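Subject: Structure handover

Hello,

Here is the structure for you to take over. My notes on what was found in it follow below.

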Amino acid sequence: MKLSLAALALAHLAKVFPATAQLTSNFTLQQIYYTNSEDGPISDISAADQLGGGFIVGDFLYLVAGSEDPSGTLFEVPLVRNETQGKIQGMDFNNSRVVFATEYLDLGFKTGGLDAYRWYSIVPDDDYYPDMIGYGTYDAIAKTFTEDGRIPKSDFEALNKTDPLSDIEFTGLLGIDFSPVVNDPGTGHGMMYGTAPYGFWRMGLTRAGTPIKYTPSNAEFLCSIDAQYPGGFAYIPSGSYKDSVLLSDYSNDQISLLSLDANGLCINATSGLGELGTSNPKIETFATDVENAWGFFFDPVTNDFFATSWSASHEVYHFTGFPPGVSMSVLFANLAAAIAEIQLILNPARRRLDGVRKIRNNTNQKTNKSPTEVVNNEPISTTKEIAADPARRRLHEVRGLGKKSGSTTTTKKSKKKKEEVVDEPIPTTEEIAEAAAESLLSGDAEAASEAILAPLNTIINNDSFTKDVIAANPEGSAAFVADVETVQNGFAAALESPDVVDTINALPAEDKANLDAATEMLAELFALILSAVE
């Protein structure tokens with residue numbers, strides 16, 4: 001929803017704050033957004049008291065209010081953006097709505113590519129220590145959120161881990177995010193990192209069962225943090241501090257920067273090297289006077305940083321200074337969500353029961369903190385066959401997914417440290433199309449997503465996509481573009497396979513409109529991925 005800046009000002013939704021960030025003059029605290037006006041509460045968010053974690057998708061903020069309270073709620077808040085730069089200039093709390101509610105909801109809502117889930121902590125208000133981790137699905141078309149499972153506290157206690165410096169038992173994580181540089185062998189995706197009282201941890205996961213169940217397989221203590229309630233944290237997506245983290249120091253009303261090395265270890269402040277379990281991590285002050293800083297998230301459009309306040313003031317702090325860039329983990333997660341939505345549209349039998357998506361409204365006052373059948377498709381059409389058929393090519397181009405110069409380059413070479421490296425090949429356009437079309441109609445959302453994400457992960461992990469190669473070698477850049485377009489064309493061809501076309505033609509008008517929206521989103525996401533080398 002787009003709102004005028006005049007309406008924003010009249011609603012007293014944003015005010016300039018005179019404080020400045022501490023690291024360099026490049027960082028500023030641009031605004032504070034208030035969930036209540038000078039005339040009193042203007043939304044259910046302000047009545048819900050303390051704010052927790054959140055995430056941004058397009059022109060909407062999804063924000064936890066009633067954090068660590070029995071009435072924990074995830075709200076959708078329309079954003080106001082500058083139309084030329086895309087910068088957030090306002091948050092319309094007047095028109096917020098509830099999308100999900102569960103007791104003691106707290107921090108996180110980050111995604112690591114794990115079945116397109118978003119992960120969050122659940123912290124009862126009796127002791128403010130970690131208790132459970134939940135995971136759920138954000139529906140980008142319907143703009144709803146559904147919880148899919150939880151990891152109970154007993155699973156963390158079974159790991160029998162204790163912070164070696166504070167002697168506090170590991171019972172779970174407060175803040176949650178996924179490493180952009182360290183993969184979890186148990187999932188094949190980014191390792192889960194998190195905060196706990198006085199410490200920074202990382203945790204392995206195993207995945208099994210139908211429905212999917214995640215179990216913690218290990219937990220490692222990374223470094224000490226001089227904060228009983230370190231709370232939320234977030235990986236920095238760009239700039240000189242990229243892949244280090246911003247984390248909260250709730251008790252001291254400040255935000256800190258914790259430096260990590262290329263292996264995801266805390267850097268020892270004395271040696272300047274990564275060290276597992278260090279008691280002397282390199283931590284700098286990023287910002288002070290941020291009242292009860294708690295939930296952290298970035299805007300994937302601009303890389304602006306936001307921090308919420310766990311206090312009765314109901315504030316969201318907006319920082320600028322991180323350069324815009326492409327976060328592949330965010331893009332891949334959004335790709336997975338869009339593909340899952342397409343799968344649901346094409347296979348309505350797999351939709352959840354209506355009652356599962358119903359939202360529980362909660363008006364309680366808050367207390368302050370002291371196996372499915374596989375469809376056998378006809379042979380998949382190649383991009384050449386689509387191009388030869390004007391009627392089908394028109395539909396193909398309208399959806400925005402196909403490129404005129406589709407390439408099926410699958411092998412490339414580059415030199416690194418004077419050694420010849422042969423990259424892992426990706427599937428051909430036809431192979432991707434066949435896998436995607438079959439899984440879209442079978443109802444297997446995970447397989448549909450992996451048909452696209454697995455080749456993309458291969459491309460990103462290949463030597464030809466190292467920063468040095470992309471920056472200095474036009475051939476590496478061209479190979480990257482060609483491979484991404486191969487994947488893009490593969491999914492476009494899947495949507496043009498006979499069985500998929502027949503399914504689309506039989507859809508109600510509303511579902512066709514939703515399908516168009518989802519495919520447009522895919523096109524935009526592919527364009528952003530390609531922009532990484534521009």
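A residue is called buried when its relative accessible area is under 20%, exposed when that area is over 50%, and partly exposed in between. By that cut-off, buried residues make up 56% of the 534 residues in the protein. Please keep in mind that this is a predicted model.

Overall content

The protein has twelve helices and 26 strands. It exposes about 22200 Å², and carbon and sulfur atoms supply 49% of that area.

Strands

Strand β2 covers residues 28–34, and five of its seven residues are buried, so the strand is largely enclosed by the rest of the structure. β2 pairs with strand β24 (residues 315–320) in the antiparallel sense, over six bridges. Within this pairing, Tyr33 has Val316 of β24 as its bridge partner.

A second antiparallel pair is formed by β14 and strand β15 (residues 189–196), with five bridges between them. Here Phe178 has Met192 of β15 as its bridge partner. β14 and β15 form a hairpin with four residues between the strands, and Gly188 takes a positive phi near 80° in that hairpin.

Backbone angles to check

Most residues other than glycine have a negative phi. Two residues are worth listing against that background. Glu68 is not a glycine, yet has a positive phi of about 60°. Glu68 sits in the loop between β6 and β7 and counts as buried, because its relative accessibility is 2%, which is under 20%. Phe109 is likewise not a glycine and has a positive phi of about 65°. Phe109 belongs to strand β10, and with a relative accessible area of 0% it is buried.

Salt bridges

Side chains of opposite charge can pair when their charged atoms come close. With a cut-off of 4 Å between a side-chain nitrogen of Lys or Arg and a carboxyl oxygen of Asp or Glu, the count comes to eight salt bridges. Three of them are described here, beginning with Arg81 and Asp59, whose closest N and O atoms are 3.1 Å apart. This pair links distant parts of the chain, 22 residues apart: Arg81 is in strand β7 (residues 73–81), and Asp59 is in the loop between β5 (51–57) and β6 (60–65). Arg81 has a relative accessible area of 8% and is therefore buried, whereas Asp59, at 23%, counts as partly exposed.

Asp177 and Lys110 also meet in a salt bridge, at 3.5 Å from N to O. Asp177 lies in strand β14 (residues 176–184) and Lys110 in strand β10 (residues 105–110), so this pair ties together parts that are 67 residues apart in sequence. Asp177 and Lys110 are both buried.

For Glu220 and Arg202, the N to O distance in the salt bridge is 2.7 Å. Glu220 is in strand β17 (residues 213–224) and Arg202 in strand β16 (residues 199–208), so the pair ties together parts that are 18 residues apart in sequence. Which of these two partners is buried, and which is partly exposed? Arg202 is buried, at 12% relative accessible area, while Glu220 is partly exposed, at 26%. Salt bridges that share partners also join Asp59, Arg81 and Asp299 into one network.

Surface charge

Where does negative charge gather in a patch on the surface? The patch consists of Glu430, Glu431, Glu434 and Glu438. Glu434 lies in helix α7, which spans residues 429–442. With a relative accessible area of 47%, Glu434 is partly exposed. A residue needs over 30% relative accessible area and no salt bridge to join a patch, so the 47% of Glu434 is above that cut-off.

One loop residue

Phe170 is placed in the loop between α3 (153–157) and β14. Is Phe170 buried or exposed? Phe170 is buried, with a relative accessible area of 2%. Phe170 and Ala158 are twelve residues apart in sequence, and their C-alpha atoms are 9.6 Å apart in space.

Regards

Conventions: Residues are numbered from 1 along each chain as its sequence is written. This is a predicted model: local features need pLDDT of at least 70, side-chain atom pairs count only at pLDDT 80 or more; totals for chains, interfaces and linings use all residues. Side-chain values use heavy atoms; hydrogens and water are left out. Patches are made of residues with over 30% relative accessible area and no salt bridge: like charges are joined within 9 Å, nonpolar side chains (Val, Leu, Ile, Met, Phe, Trp, Tyr) within 5 Å. Accessible areas come from the Shrake-Rupley method with a 1.4 Å probe; for residues, only the protein chains shown count as cover. Lys and Arg count as positive and Asp and Glu as negative; His and the chain ends are not counted. The place of a charge is taken as NZ of Lys, CZ of Arg, CG of Asp or CD of Glu. Helices (H or I, at least four residues) and strands (E, at least two) are DSSP runs, numbered from the N terminus. Buried means under 20% relative accessible area, exposed over 50%, partly exposed in between (1.4 Å probe, protein chains only). Two strands pair if DSSP finds at least two bridges between them.
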